[in-house]
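Me: Please take a close look at one part of the structure shown here, and then explain how that part compares with other places in the chain. I would be grateful for a single connected account.

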Amino acid sequence: MKTRALYEMDSYLDELESTVTVVDTDQGRPYALLAQTIFHPESGGQPGDRGWIADTRVADVRIQEGEVRHYLEQPIGTGPVKMRLDWDRRFDLMQQHTGQHLLTAVAQDRFRWATTAFHLGEEKCDIELDVPQLGPEDLQRLEAAVMAEVRAAHPVTAWKVPPETAAALNVRSRGLPAGHEGDVRLVEIAGLDINTCGGTHLRNTSELESIKLIETERMRGGTRLYFVAGSRVRRRLGLHESRLGQIRSLLGVPDGRLSEALSDRLEQLRQAARREKQIREEAAPMLAEALAARREADVHAHFESADLPFLQRLARLAAELAPAKSVLLTGGADPSGFFVLSLSENKADKINQIGSRVAEILQGRGGGGGSLFQGKAESVSKAEEALAFLRQGDG
Ligand SMILES: [Zn+2]
């Protein structure tokens, strides 16, 4: 027995008493078929509904093998049940979906920009328009034209007609799905648009509340236009306000000066980084001298804020000043970081062999390049252990 799709007749039906006729599993996922359903399955760019059947969560709804399968988090039995939609989610989907119909109709009829695809995302939606590029003024004009139709409060209705009747009407359609049989479902925005669609829609454009065009992205053969409709506009604005408030208090300036203040801070950071590098460069010869002057045959030093090129430079300078010493330098915040090793001249030909062992002790990996061996270390605190190994080699 085929499920009666009540969502096609009344998309505002959010609760229903029905009967589970079949229960089964699909690759281990339990699902149920029902005599009637208010759950819209995933199709035409609209995600499947969520909700509850007899207090069991509906995880997804899809058409498989011609049936509307309600995939459930737990198996249930057959018999009479009460089903309930996650209405907030469904209403949001209806707002986005109806918003797309209106946006597509206005873009086509007023601007000759044809819609070639639609995606309904969790955060934002998009339509793909057959136009090479849209500027900020284009978006302003399109948004203003769409919002005028939202305020005009056009009724939105759906009904079914035989295919030949649909052909005689001025229907905007991307064609029916392959293998379609029987009546065609039409959705009309009064005075603006008739479209073939199996989805769920608002009953009036005024329920869209608002449509905000967000941004465009150039894509092969057209332009992707992102938008949000309905309560998403308020939710998004709320999020933006809260983030802006955090940034405002971090930077301590009013909104109008945020970009300028942030740009100033970034420039200060760049300057500070340049100064820091310069100071390190200036200090390198003195540090190398200090390392070379140490009494031990093999020496280790750790520099928490140094980078790898600095350690390499320091190791080369120290090796020049004290060719009889092996030098192990580590950097980074404990415990993980990096290391550079230079060996005393009598062991220099074993750099790869000894370097690999040092890397192992530091729980890292590395490779040799010329007179140095360097790599990453998971545990720079084991440097003393590595140094003991180097000294062992001396004895
Ligand atoms: Zn639709």
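Reply: Ser18 is found in strand 2, which covers residues 15-26; the model in which it is seen is a predicted one. The relative accessibility of Ser18 is 5%, and because buried means under 20%, Ser18 counts as buried. What lies 3.0 Å from a polar atom of the side chain of Ser18? The partner is the backbone oxygen of Gln36. Gln36 also appears among the residues in contact with Ser18 once neighbours within four places in sequence are left aside. The others in that list are Leu34 and Ala35, together with Gly79, Pro80, Val81 and Met83.

A second buried residue can be described in the same manner. Thr223 belongs to strand 15, residues 222-229. Its relative accessibility is 1%, and therefore Thr223 counts as buried. A polar atom of the Thr223 side chain lies 3.4 Å from a backbone nitrogen, that of Gln133. Not counting residues up to four places away in sequence, Thr223 touches Ile127, Glu128, Leu129, Val131, Pro132, Gln133 and Leu134, and also Thr216 and Glu217.

Two loop residues offer a contrast. Asp55 sits in the loop between strand 5 (51-53) and strand 6 (56-64). With a relative accessibility of 72%, Asp55 counts as exposed, because exposed means over 50%. Glu65 occupies the loop that leads from strand 6 to strand 7 (67-72), and Glu65 is exposed as well, with a relative accessible area of 71%. Turning to the backbone, the phi angle of Asp55 is near 70°, a positive value in a residue other than glycine. Glu65, likewise not a glycine, has a positive phi near 50°.

A helix completes the local picture. Helix 6 has 36 residues, 258-293, and at 1.5 Å a residue it should span 52 Å; its end C-alpha atoms are 52 Å apart, which agrees. Where does helix 6 bend by about 40°? The bend is at Ala284, and a proline, Pro285, follows within four residues. Ala284 is also one of the buried residues of helix 6, among them Leu258, Ala261, Arg280, Ala288 and Leu291. In an α-helix there are 3.6 residues a turn, so residues three or four places apart point the same way. The buried residues of helix 6 pack against helix 5 (231-251) and helix 7 (308-321), and against two strands, strand 16 (298-303) and strand 17 (326-331).

Finally, these parts may be placed within the whole. The protein chain contains nine helices and 20 strands. Of its 395 residues, 43% are buried. Contacts between residues at least 6 apart in sequence were also examined, and 61% of them join residues at least 24 apart. The radius of gyration of the chain is 34 Å, whereas a compact globule of 395 residues would have one near 21 Å. Along the principal axes, the C-alpha atoms fill a box of roughly 95 × 55 × 40 Å. The chain exposes about 21,200 Å², and carbon and sulfur atoms supply 50% of that area.

How values were computed. Residues are numbered from 1 along each chain as its sequence is written. This is a predicted model: local features need pLDDT of at least 70, side-chain atom pairs count only at pLDDT 80 or more; totals for chains, interfaces and linings use all residues. Side-chain values use heavy atoms; hydrogens and water are left out. The expected span of a helix is 1.5 Å times one less than its number of residues. The bend at a residue is the angle between axes fitted to the seven residues ending there and the seven starting there. Buried means under 20% relative accessible area, exposed over 50%, partly exposed in between (1.4 Å probe, protein chains only). Contact means heavy atoms within 4.5 Å. The radius of gyration is taken over C-alpha atoms; the globule rule is 2.2 Å times the number of residues to the power 0.38. Accessible areas come from the Shrake-Rupley method with a 1.4 Å probe; for residues, only the protein chains shown count as cover. A polar contact is a pair of N or O atoms within 3.5 Å; within protein, one must be able to donate a hydrogen and the other to accept it, and residues adjacent in sequence count only if both atoms are side-chain atoms.
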